Each structure stands twice: as C-alpha cells, then as structure tokens.
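Colleague: Could you take me through the largest pocket of this model, and then the parts of the fold that go with it? I work at the bench, so plain words are welcome.

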Amino acid sequence: LPNLIASCASSTNDFLIIDSSFFQDASFSNHITNQTTLNKINSNQWDYVVLQEHFRRPALSLNYVNEFVFPYATQLSNLVRANYNCSTPIFFNTWGCQNGDNQVCVDGDCTYEIMDDLLQERYQIMAENNKGLVSPVAQVWRYLRENHPNLNLYSADQINPSIAGSMVAAYTFYTVIFRKNPNLVTFRYQLDIPTADIIRNAVKVVVFDNLS
C-alpha cells in the first residue's frame, strides 16, 4: 500500500517519502514494544505517520477497546510527536469483513455493517483523542459496496483487500495526504480504466468533497 500511494503521488508530480513497519496480526500494543517500529518513527521528521490496528480489535467490546486499544493509540501518537512535534497521526480506518465476523456482534447479529460501524466509530474516537486525522477507507468501501455491489473489494479470505480494495485505500490516502482531487491521479496499477474511474469518483465524493 505505501508504494501504491507513492505511485499515485508520482502520477500527479507530487513526492512522497515512505517507510513502514508491519508484521502479521500486529496490534498497537505490539508496535509500542517493536524496535523496528520505534526506530522508523524516529528516523525522520515525518509529516504524517499512519497507524493501523489489527483488523478486529477496534470493533470488540468497548471495555476491551478502552483497555487494549485506545491507550496504545495514544502512546503511539505521543511517540510520533515526541520525535517531531509537527507530525500528524493518520488513523487507517479499515473496513468490516465481507460477511461480518463472529467475534464482532451486537444483540446476536454479526454482520459486515455492525463491524464496519464500530470500526468507523472507534477510529474516529482515536483521531479526535489524539488530534489526528482519519483516512476514511472504510467509508469509501461502504459507498462502493452500496453503489457498485459487483465490484469485489476483498481477497479470498474475505478480510484483506483485492487489487481494487488496495486501490481504494491508495486513492483515499493520496487525497487525505495531499488534499487533492483523486481524479487527478493517472496511476491505476492493474485496474482497468472503468474500475479505476469508479473508485476515484467514489473517493472524490466521500473524501475530497468533504475535506473541510
């Protein structure tokens, strides 16, 4: 994803210096003690540092999130600003699983919408609590699911993104970081032109038109 975002930027003559620290099933609490993560946070005066939790954890019970998610979001945000006071955390609002998650239920219902609503709510709280931004990938995802249901955003595991889903995230991050119309981006990776147009237009409607 970082490379896809950088390619989006290059196509509009914008420039993005990127680095990343990620490992399977990582959570904020893991990153707090991961030396690679800490070293990379401190390696540059980053304008933005993107923070992404495990796909499920922010949607679990509020008691769980209050104990195991929110405090670590704050610790990471504080570390980011301790390195460079002008850095802004961007919280990567991930999406609900394609058909919901049996560990994320409300009143016995475990649907995509329930999980996605909780993720959107919790990431917004993290951004507000830590004076950060949200990259609203989940909101674009929801818009596309509702308006273009034949567009497959998921990989086979029904959690991770397909190529189209990855480009939803890339166009969204480009728009949040550079505050520019995603329709300016010519990079489309492996997407055909009609699919890329659908996704860029969705990002424009959901993200760019609401930047203020």
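**The largest pocket and its surroundings**

Modeller: Gladly! The largest pocket holds about 1600 Å³ of space. Its lining is made up of 45 residues, and those closest to the pocket's centre are Pro 2, Ser 20, Phe 22, Val 50 and Gln 52. Please keep in mind that this is a predicted model.

Which elements supply at least two residues each to that lining? They are helix 1 (2-11), helix 2 (28-32), helix 3 (35-41), strand 1 and helix 8 (163-178). Helix 8 gives the most, with five residues.

Strand 1 is a good place to step from the pocket into the sheet. Three strands make up this open sheet, in the order 1-2-3, with parallel pairing. Strand 1 (48-51) and strand 3 (133-135) are at the edges and have a single partner strand each, so one side of each has no neighbour in the sheet. On average, and ignoring direction, neighbouring strands here are turned by 30° against each other. As a reminder, strands of a sheet pair through backbone hydrogen bonds, in either a parallel or an antiparallel way.

Looking at the pairing itself, strand 1 runs parallel to strand 2 (residues 88-92), and four bridges join the two. Tyr 48, for instance, has Thr 88 in strand 2 as its bridge partner. Across strand 1 and strand 2 lies helix 5 (residues 70-83), which runs at about 145° to strand 2.

Since you work at the bench, the cysteines may interest you too. The count comes to one disulfide, and this disulfide joins Cys 105 to Cys 110, with an S to S distance of 1.9 Å. In general terms, a disulfide is a covalent bond between the sulfur atoms of two cysteines. The torsion about the S-S bond of Cys 105 and Cys 110 is about 100°, so the disulfide is right-handed.

Are the cysteines of this pair buried or exposed, or something in between? Cys 105 has a relative accessibility of 35% and counts as partly exposed. Cys 110 is partly exposed as well, with a relative accessible area of 23%. Cys 97, in turn, is in no disulfide, and the nearest cysteine sulfur, that of Cys 105, is 11 Å away. Cys 97 has a relative accessibility of 5%; buried means under 20%, so Cys 97 counts as buried. Cys 86 has a relative accessible area of 54%; exposed means over 50%, so Cys 86 is exposed.

Terms used
Residues are numbered from 1 along each chain as its sequence is written. This is a predicted model: local features need pLDDT of at least 70, side-chain atom pairs count only at pLDDT 80 or more; totals for chains, interfaces and linings use all residues. Side-chain values use heavy atoms; hydrogens and water are left out. Two strands pair if DSSP finds at least two bridges between them. Axes are lines fitted to C-alpha atoms, for helices over the stretch in contact, and angles run from 0 to 180 degrees between N-to-C directions. Contact means heavy atoms within 4.5 Å. A disulfide is a pair of cysteine sulfur atoms within 2.5 Å. Buried means under 20% relative accessible area, exposed over 50%, partly exposed in between (1.4 Å probe, protein chains only). On a 1 Å grid over the protein atoms alone, a cavity is a set of points where a 1.4 Å probe fits but cannot get out, and a pocket is an open set with protein on both sides within 12 Å along at least five of seven lines; lining residues have an atom within 4 Å of a point. Grid points are joined across faces, edges and corners, and a volume is the space filled by probe spheres set on the points.
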